[in-house]
Each structure stands twice: as C-alpha cells, then as structure tokens.
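Grab a pencil and open the structure viewer. We'll work through a handful of exercises together, one small step at a time.

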Number of protein chains: 2
Amino acid sequence: MLIFVGMGLWDERDISCKGLEIARKADEVYVEFYTSKLMGTNLERIEEFVGRKIVELSRSDLEENCVWIIERAKERDVVILIPGDPMIATTHSALKYEAERRGVKTRVVNAGSIINAVCGLTGLHNYKFGKSATVSWIKSKTPIDVINQNLSINAHTLLFLDLHPKPMTIKDAVEILMDVESGVGDLFAVGIARAGSENPVVKCDRMKNLKDYDFGEPLHVMVVLAKLHFMEFDCLRLFAQAPDELEEIVE
Amino acid sequence: MLIFVGMGLWDERDISCKGLEIARKADEVYVEFYTSKLMGTNLERIEEFVGRKIVELSRSDLEENCVWIIERAKERDVVILIPGDPMIATTHSALKYEAERRGVKTRVVNAGSIINAVCGLTGLHNYKFGKSATVSWIKSKTPIDVINQNLSINAHTLLFLDLHPKPMTIKDAVEILMDVESGVGDLFAVGIARAGSENPVVKCDRMKNLKDYDFGEPLHVMVVLAKLHFMEFDCLRLFAQAPDELEEIVE
C-alpha cells in the first residue's frame, strides 16, 4: 500500500497520532520537501521523532520517475511524509491516481494545511474563500484573473507564493502582481508569515502598503479580500492591525 | 490561555502529536460536538487516549454563554477539543475574537478538515473550489445561489450538510435542493460519506441519481462540479465510479 501522510504546518509534532503510528509501522518511509516545506524542523529531527531512517524524494521521484516507488508499494507498506495536508498539491493526487491505476492500494492520512490555518489567524470565514492561485516567479496573469473572478462573486482569494528556486516573500509577490496590473495594489489584503508557528505575523492593509511591512522569515502567503462580514472586519482589526479605512469594504 | 485544538476527522488518533501534548499538560480540557462530530470514537475513548477527564460543552457555552470559559482561561491553560480543524466553524473564530478582546491570549492547533479530505478522496483539485455552503433542514435558496455563483467562475462547490436536529444524508440534501430548484438535479456532483475513516464511500453522478445511491452511515458531504481538468475526470472515473457521460464537462 502507498500511504500519503500529512505532516501539518510547522514542525515534526504537527503530524497526527495516527500518521505517526502508521509511519513507525511501515516497511519504508520517505519524505518530500518539494511541494512545501516545514520551516520549524529538519530531516534529522523528523527521523528522530518517527524513530526511522527516512529517505528524501526529489521532484522527479514524485512526477516523471514515480514508477519505482509505486512498484515498491505493491508488496510493502510505503509511507510518503508530506508537509501540510497531503492532497492539497496536485502532484500527490496524480501520484495517487497512477498507483491506483496500477492496482496498488493507497491511503491518505490528513493533517492541518495552510488553508485551515489562514482562517484561524485572520478570522476570515472559510465559506467565503473562492478559488486559490499561485504567484510564480515567472510572471503570469493567472493570479490576477483568479482574484477578479473571485471578486465578481464576492469571494476572498488565497495566494500561494512560489517556493522555487527560493521561497517568495509578500514583498516579492506584491511587486510581481503590481507589475502585471498596477491597480491591484489598491486592493485590501492580509499577509501571513509562518502560519502554524508560535510567532506568526499577520498584517492587513492595502496590498501596495504590505510591500513595505516586515513579515520576517518565510513561508509567506497572502489573502486578497472581497467584501467583509462585520465579524471578519472586527477580527482583522484585532488580529491583523487593519487600518480604519478597511471599513470601506464591510458589507 | 484559551487553546483551540483540532481533532481531525474520524477518531481520537486524528489529533496532532502537538495537540495531544498540549491537552495532556493543560489545566482544564473541554470538548464540543456541536459544530461537527467524530463518528469513529466517543467521549470515553477520547478521555482514555488523552488521559484526562474531559467536559463536553453545549452550543450555548460556545456562543451566548461563552464568558465563563473565557474567564477560566485568564489564569489557566484551557483547551477546547474540536472535531476537524478548529477554525472552519465561525462559532470558534467568534469565541477566539471575544477572548482576545477581553485580553485572554489564544492559540490554535490545526488538524485535518473535511476541506482537505475531499481533495484526497475525489482527486478534485483544491485550487478549483469556490465558496462553500451549508444545506439546512430549513429550506433556503442560499446553497443554490452559491452553486450558481461558483459555476459562473468555473469553481466547484463544497456543500456541508446540516447536523441538527440530526445529520442530513446526501439523499435528504438532494431532495431539499431539488425542491428549491429542480434543475440542479441535472448537475454532476460527488457524494462523500465518512471521510477520514477506513471505509469512506465516494460516488460521482448527476445529483438526481445520487439520491438513490446507498452511501451508508453519516457524516455525508457533497461537491457540485464545475468544468473538470482531465486529471480530475480520470480520478473521478477511478475513485468515484463516475458515469461515461461525465466527459461532457471536461474542459
């Protein structure tokens, strides 16, 4: 069986008790840090916590060269540890599909993901989030299109920031988005750094102002705001030092 | 400090290692089963696993009568255990706001939620989900409006099913939605039962046909589909026995 185990957001202790138990009993344990990263730990600490030798997979092991790991899972229990929730990245749902298609059973053990964490940190209501998008180092109009689509139905947009070749900061992302369409700088957004850690930073302002705010170390994500429920407004004032003028977008 | 600890989707072992550790060390531990339920366990098993006496909170303890628990958290570490991820229900973000407003520190320990699990079970891409909605026992046009808004930007809709006074099934939900607008019965959807368990049921078909499919015990949720990426189509064929005609909605 090929078992995808989520590791949650920050360090080795964000894995579920069930996930840890399954990894301890598995025949082989792998980890990948390509689709996301755990900034609060490292491979050595994860190995110590799980009590196992763990082999790190490359991008190609997950994509074009994934057949070998599927083959190994035919007669053994093979665990892949994955930062966040295992099925948020399409890479892993494609790997799950490929395994099942070849007759290898799969299982998914969920964990906290950035999608959950942004609601807790900002007070934004989960049901008001629309489609998400990624801001890539290679400039593209896609994130702007998704923001506009979401605004047309009054939905917030969660923006993931590219990790390769290096983790993008909120400052980088705002510059890239404003290069594509300068008008987006006037939209209100919330920047979030180090979700899941004990010292996250959460700040709400117009996007063009977030560019100059010191969010500290990555990983960073950003939420572009649609109209707000009054409770969302109150939370952003209290949790994210939102400016007075945010009141403009309360419904 | 008031600490919201997610318990994940199914049983007592879906809590994170960090969440378990925090609950074991806390001064007082509470649990709530109002906003969601853990169908694979019960209070007694959770108490045994955490090794603590745990008091169940009522809806009013979380809402209009929440002051007492905030007061207790002023000088003690008070943990509230919550099924799923703790900040998906707006009830808990309102409680977090109220605590912080009164000068009580709060912390959130994330866990897997239904929002993550549907992607793993269906192969649907997370970034293509739009706003979510709840189908209530009290008929309302809101879920239909949200489905239509999401379809206008080509986004899938996750529908939560009411839990009170009893957990709604997919059959109930389809009947309620079709009573409000019969045309929705022709839309393709995926029904998901017992996400996070070892025997989930996942079935894709037109909504009107899902009504007669045997999903077994609750909890149930449903995703109404927008146009599909070809990989989503392949996954729904393999994971959810989608009919041939689903190909109509592949982009």
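Below are exercises on a predicted model, each with a worked solution.

**Exercise 1. Work out how chain A is divided into domains, and how far apart the domain centres lie.**

Step 1: Start with the division. Chain A splits into domain 1, covering 2–109, and domain 2, covering 114–249.

Step 2: Now take the centres over the C-alpha atoms. Those of domain 1 and domain 2 of chain A are separated by 29 Å.

**Exercise 2. Describe the interface of domain 1 and domain 2 of chain A: how much area is buried, and which residues of domain 1 lose the most?**

Step 1: Look at who touches whom. On the domain 1 side of chain A, eight residues are in contact with 11 residues of domain 2.

Step 2: Look at the area. Between them, the two domains of chain A bury about 890 Å², and 77% of that is on carbon and sulfur atoms.

Step 3: Find the main contributors in domain 1. Leu9(A), Trp10(A) and Lys37(A) lose the most area to domain 2 of chain A, together making up 56% of what the domain 1 side buries.

Step 4: Check the polar side of things. The rule finds zero salt bridges across this interface of domain 1 and domain 2 of chain A, and one residue pair in polar contact. Sorted by class, the domain 1 residues touching domain 2 of chain A are five nonpolar, two polar and one charged.

**Exercise 3. Now do the same for chain A and chain B: how many residues are in contact, and how much area is buried?**

Step 1: Count the contacts. There are 55 residues of chain A in contact with 55 residues of chain B.

Step 2: Turn to the area. Chain A and chain B bury about 4,300 Å² between them, with 60% of it on carbon and sulfur atoms. On the chain A side, Lys18(A), Tyr97(A) and Ile153(A) supply 16% of the area buried against chain B, more than any other three residues.

Step 3: Look for charged pairs. The rule finds six salt bridges across the interface of chain A and chain B. In one salt bridge, Lys18(B) pairs with Asp11(A), and their closest N and O atoms are 3.3 Å apart. The cut-off is 4 Å, so a distance of 3.3 Å qualifies.

Step 4: Add the polar contacts. Across the interface of chain A and chain B, 24 residue pairs are in polar contact.

Step 5: Ask which helices take part. Helices H1, H5, H6, H7 and H10 of chain A each supply at least two residues of the side that touches chain B. The largest share, seven residues, comes from H5(A).

Step 6: Sort by class. The side of chain A that touches chain B has 23 nonpolar, 18 polar and 14 charged residues.

**Exercise 4. Explain how the two copies are related, and why they are said to meet through the same surface.**

Step 1: Try laying chain A on chain B. A turn of 180° with a shift of 0.0 Å along the axis does it, with an RMSD of 0.0 Å.

Step 2: Read off the symmetry. The copies are thus related as by a two-fold rotation axis.

Step 3: Compare the surfaces. Since 100% of the interface residues of chain A are also interface residues in chain B, the copies meet through the same surface.

**Exercise 5. Find what the salt bridge of Glu28(A) and Arg72(A) ties together.**

Step 1: Locate the pair. The side chains of Glu28(A) and Arg72(A) meet in a salt bridge at 2.7 Å, N to O.

Step 2: Place each residue. Glu28(A) lies in strand E2 and Arg72(A) in helix H4 of chain A, so the pair ties together parts that are 44 residues apart in sequence.

**Exercise 6. Hunt for backbone oddities: which residues does a cis peptide bond join in chain A, and where is Gln241(A)?**

Step 1: Check omega. A cis peptide bond, with omega about 5°, joins Pro218(A) and Leu219(A). Leu219(A) sits in the loop between helix H9 and strand E10 of chain A.

Step 2: Check phi. Gln241(A) has a positive phi of about 40° although it is not a glycine, and this residue lies in the segment after H10 of chain A.

Key. Residues are numbered from 1 along each chain as its sequence is written. Chains are lettered from A and ligands numbered from 1 in the order in which they are written. This is a predicted model: local features need pLDDT of at least 70, side-chain atom pairs count only at pLDDT 80 or more; totals for chains, interfaces and linings use all residues. Side-chain values use heavy atoms; hydrogens and water are left out. Domain bounds come from an automatic or database domain assignment. Contact means heavy atoms within 4.5 Å. Buried area is the accessible area (1.4 Å probe) that two parts lose on being put together, summed over both. A polar contact is a pair of N or O atoms within 3.5 Å; within protein, one must be able to donate a hydrogen and the other to accept it, and residues adjacent in sequence count only if both atoms are side-chain atoms. Ala, Val, Leu, Ile, Met, Phe, Trp, Tyr, Cys and Pro count as nonpolar, Asp, Glu, Lys and Arg as charged, and the others, Gly among them, as polar. Helices (H or I, at least four residues) and strands (E, at least two) are DSSP runs, numbered from the N terminus. Copies are superposed by least squares on the C-alpha atoms of residues with pLDDT of at least 70 in both.
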